[in-house]
Amino acid sequence: MIYLKTDEEIEKMRVANRLVGATLAEVAKFIAPGVTTLHLDKIAEEFIRDHGAIPLFKGYQGFPNAICVSVNENVVHGIPGSYCLKDGDIVSVDCGVKINEYCGDSAYTFEVGEVAPETKKLLQTTKEALYEGIKYAVEGKRLGDVSHAIQIYCESRGYSVVRELVGHGIGKKMHEDPEVPNYGKKGYGTLLKNGMCIAIEPMINLGSKNVKFEKDGWTVHTKDRKPSAHFEHTVAVRPGKADILSTFELIDQILQNK
Ligand code: MG
Ligand code: MG
């Protein structure tokens with residue numbers, strides 16, 4: 001069941017998603033060699049609660065923390081802990097909040113210190129692929145158009161697309177219908193309608209597409225242990241052009257001044 005949102009609901013979702021963007025930017029200030037992933041979680045949780053919102057991930061199916069922090073070969077769903085970031089790492093931070101009954105969800109993969117050029121390129125391509133997908137999140141297109149655009153953009157550049165994990169509809173719940181894969185067929189799948197809200201989140205690997213689920217029940221890593229990148233925006237389907245409800249603007253400001 002896909003819930004189409006009213007204009008008023010979309011504005012509430014924008015508030016939630018802007019707060020996610022602000023939280024990711026706050027976390028970005030602290031990303032540096034020597035910092036533990038648990039410290040980043042503390043920063044995020046405090047920031048979210050100080051703004052009157054609820055960290056959406058905490059307690060979700062038993063997830064213990066406010067954000068998912070996935071380093072290097074970890075694709076997504078990493079549990080914050082005692083790991084100390086080091087020079088050359090990449091770190092995906094995925095954050096969700098709920099405020100005034102509506103959810104926001106967005107993710108960004110950060111560089112720690114000086115990152116290898118091929119890894120930098122992976123991050124850049126994954127971010128670009130997200131915006132490629134968003135171009136098709138417009139009324140009258142099909143979900144397969146979004147998925148296909150992401151897949152082609154990445155695969156034509158030699159990267160591979162994770163199959164086991166996908167984006168999703170979002171609204172009062174973090175995960176609503178439909179599923180939003182990062183691979184698919186042009187012209188196929190759910191017809192996109194005005195007011196549909198979806199989280200698009202390419203998870204792209206430097207090596208093969210295969211992943212493994214760890215025994216902690218959460219963390220997913222690449223089978224070949226090569227790096228994986230993850231960027232996510234929540235968008236509202238509109239006529240002509242998608243409305244991106246989350247934002248990387250605040251993150252970019254922090255990164256420029258670092
Ligand atoms: Mg997310
Ligand atoms: Mg998501």
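The exercises below, each with a worked solution, concern the two metal sites, one helix residue and the nonpolar cores of a predicted model.

Local features need pLDDT of at least 70 and side-chain atom pairs count only at pLDDT 80 or more, while totals for chains, interfaces and linings use all residues. Residues are numbered from 1 along each chain as its sequence is written, chains are lettered from A and ligands numbered from 1 in the order in which they are written, and side-chain values use heavy atoms, with hydrogens and water left out.

**Exercise 1.** Identify the donors of the magnesium ion (ligand 2) and place His168 and Glu201 in the chain.

Step 1. Donors are N, O and S atoms within 2.8 Å of the metal (3.2 Å for Na, K and Ca); water is not among the atoms, so sites may look incomplete.

Step 2. Asp105 (OD), His168 (NE2), Glu201 (OE) and Glu232 (OE) coordinate this ion at 2.1 to 2.2 Å. Their sequence spacing is D-x62-H-x32-E-x30-E.

Step 3. Histidine 168 sits in strand S7 (residues 167–169), and glutamate 201 in the loop between strand S9 (197–200) and strand S10 (203–205), 33 residues apart. Strands (E, at least two residues) and helices (H or I, at least four) are DSSP runs, numbered from the N terminus.

Step 4. Histidine 168 is buried at 5% relative accessible area, and glutamate 201 is buried at 7%. Buried means under 20%, exposed over 50%, partly exposed in between (1.4 Å probe, protein chains only).

**Exercise 2.** Which residue coordinates both magnesium ions?

Step 1. The magnesium ion (ligand 1) has the donors Asp94 (OD), Asp94 (OD), Asp105 (OD) and Glu232 (OE), at 2.0 to 2.6 Å.

Step 2. Aspartate 94 lies in strand S4 (residues 90–99) and glutamate 232 in the loop between strand S13 (228–230) and strand S14 (233–236), 138 residues apart. Both aspartate 94 and glutamate 232 are buried.

Step 3. Aspartate 105 bridges the two ions, which are 3.1 Å apart.

**Exercise 3.** Describe the surroundings of leucine 250.

Step 1. Leucine 250 belongs to helix H5 (residues 249–256) and is partly exposed, at 30% relative accessible area.

Step 2. Leaving out residues up to four places away in sequence, leucine 250 touches Gly21, Ala22 and Ala25 (contact means heavy atoms within 4.5 Å).

**Exercise 4.** Which helix gives the most to the largest nonpolar core?

Step 1. Such a core is a set of buried Ala, Val, Leu, Ile, Met, Phe, Trp, Tyr and Cys residues joined through side-chain atoms within 4.5 Å.

Step 2. The largest has 56 residues, and Ile31, Val91 and Phe110 are among those with the most contacts inside it.

Step 3. H1 gives the most, with eight residues.
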